[in-house]
Amino acid sequence: MARQIYTNDVDFSAYSLEHRKSHDGIAMVDIDKVASCISCLKPLFLAELCRHKGINEDYKKKHYSTKELARMAGLPGYVIWYHEGANRKVYKLSVRKITPEYSKIQHCSWDQWVSFLASRQVKHFKDCPRQEIFLNKLKNLTPEQLQDYAEILPS
């Protein structure tokens, strides 16, 4: 973890601030995203998140710890650059898979990303020990949102 605070727009936790004040003999890295099952909470993938820097974006983000943790856990790992618009609304993402192999950066809208997240839920469903609760959680989705889950929904 960097000792110096290098940006003004991040609200660091009290723990993070105290850790930064400590000596150089300790280190930590935060985990930004653990995608998990909506029912049993099993981790589905790990990701490093970063705000897209507009025309200055070089698509370089340190992700060694996220990659190693994903590899050790046997999970996919990603780096996700989110494009933020007015009112802090995310309108686009740039995503690169980092485990098990690197992929090219792919760009998608927020709605496409939500569909991808739903696809991870669907892929996990057959192994979920709490399928009844899983299906119950889908009851509040709109018909359009349910389309992403069509292959696991009862006929």
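This is a guided tour of one predicted protein model, stop by stop, for a reader who has the structure open in a viewer.

Residues are numbered from 1 along each chain as its sequence is written. Since the model is predicted, local features need a pLDDT of at least 70 and side-chain atom pairs count only at pLDDT 80 or more, whereas totals for chains, interfaces and linings use all residues, and side-chain values use heavy atoms, with hydrogens and water left out.

**The whole chain**

Begin with everything selected and coloured by pLDDT, the predictor's confidence in each residue on a scale from 0 to 100. The average is 91, and 94% of the residues score at least 70. Helix α1 (residues 14-21) has the lowest confidence, with a mean of 84, while helix α3 (residues 110-125) has the highest, at 98.

Switching to a cartoon view, one can follow five helices and five strands, where helices (H or I, at least four residues) and strands (E, at least two) are DSSP runs numbered from the N terminus. Their order from the N terminus is α-β-β-α-β-β-β-α-α-α. Along the principal axes, the C-alpha atoms fill a box of roughly 60 × 35 × 30 Å.

With the surface shown, the accessible area comes to about 10900 Å², 52% of it belonging to carbon and sulfur atoms; such areas come from the Shrake-Rupley method with a 1.4 Å probe, and for residues only the protein chains shown count as cover. Of the 155 residues, 28% count as buried, a term that stands for under 20% relative accessible area, with exposed meaning over 50% and partly exposed lying in between (1.4 Å probe, protein chains only). Taking contact to mean heavy atoms within 4.5 Å, residues 24 or more positions apart account for 41% of the contacts with a separation of 6 or more.

**The nonpolar cores**

Next, select Ala-35, Leu-44, Phe-45, Ala-47, Tyr-78, Ile-80, Leu-93, Val-95, Cys-108 and Trp-113, the 10 residues of the largest nonpolar core. A core of this kind is a set of buried Ala, Val, Leu, Ile, Met, Phe, Trp, Tyr and Cys residues joined through side-chain atoms within 4.5 Å. Strands β2 (43-51), β3 (77-84) and β4 (90-99) each supply at least two of the core residues, and the largest share, three residues, comes from β2. Centring on Ala-35 and setting aside its neighbours within four places in sequence, one finds it in contact with Lys-42, Pro-43, Leu-44 and Phe-45. Apart from this core lies another, of nine residues, among them Cys-37, Val-122, Phe-125 and Leu-138.

**Helix α2**

Move on to helix α2 (residues 64-73), where the buried residues are Thr-66, Glu-68 and Ala-70. These buried residues pack against β2, β3 and β4. The helix is followed by Gly-74, which has a positive phi, near 70 degrees.

**The loop between β1 and β2**

Which residues does Lys-42 touch, not counting those up to four places away in sequence? They are Ala-35, Ser-36, Cys-37 and His-124. Lys-42 itself sits in the loop between β1 (33-36) and β2, and it is classed as partly exposed because its relative accessible area is 44%. A distance drawn from its C-alpha to that of Pro-129 should read 9.9 Å, although the two are 87 residues apart in sequence.

Leu-41 is found in the loop between β1 and β2 as well. Its phi is near 70 degrees, a positive value in a residue other than glycine, and at 57% relative accessibility Leu-41 counts as exposed.

**Two further loops**

Select Tyr-59, in the loop between β2 and α2, which has a positive phi of about 55 degrees although it is not a glycine. With a relative accessible area of 25%, Tyr-59 is partly exposed.

Then go to Pro-100, in the loop between β4 and β5 (106-109), and display the backbone there: the peptide bond from Thr-99 to Pro-100 is cis, with omega near 0 degrees.

**Helix α4**

The last stop is Asn-136, in helix α4 (residues 131-137). Is Asn-136 buried or partly exposed? Its relative accessibility is 44%, and therefore it counts as partly exposed. From Asn-136 to Leu-75 the C-alpha distance is 26 Å, for a sequence separation of 61 residues.
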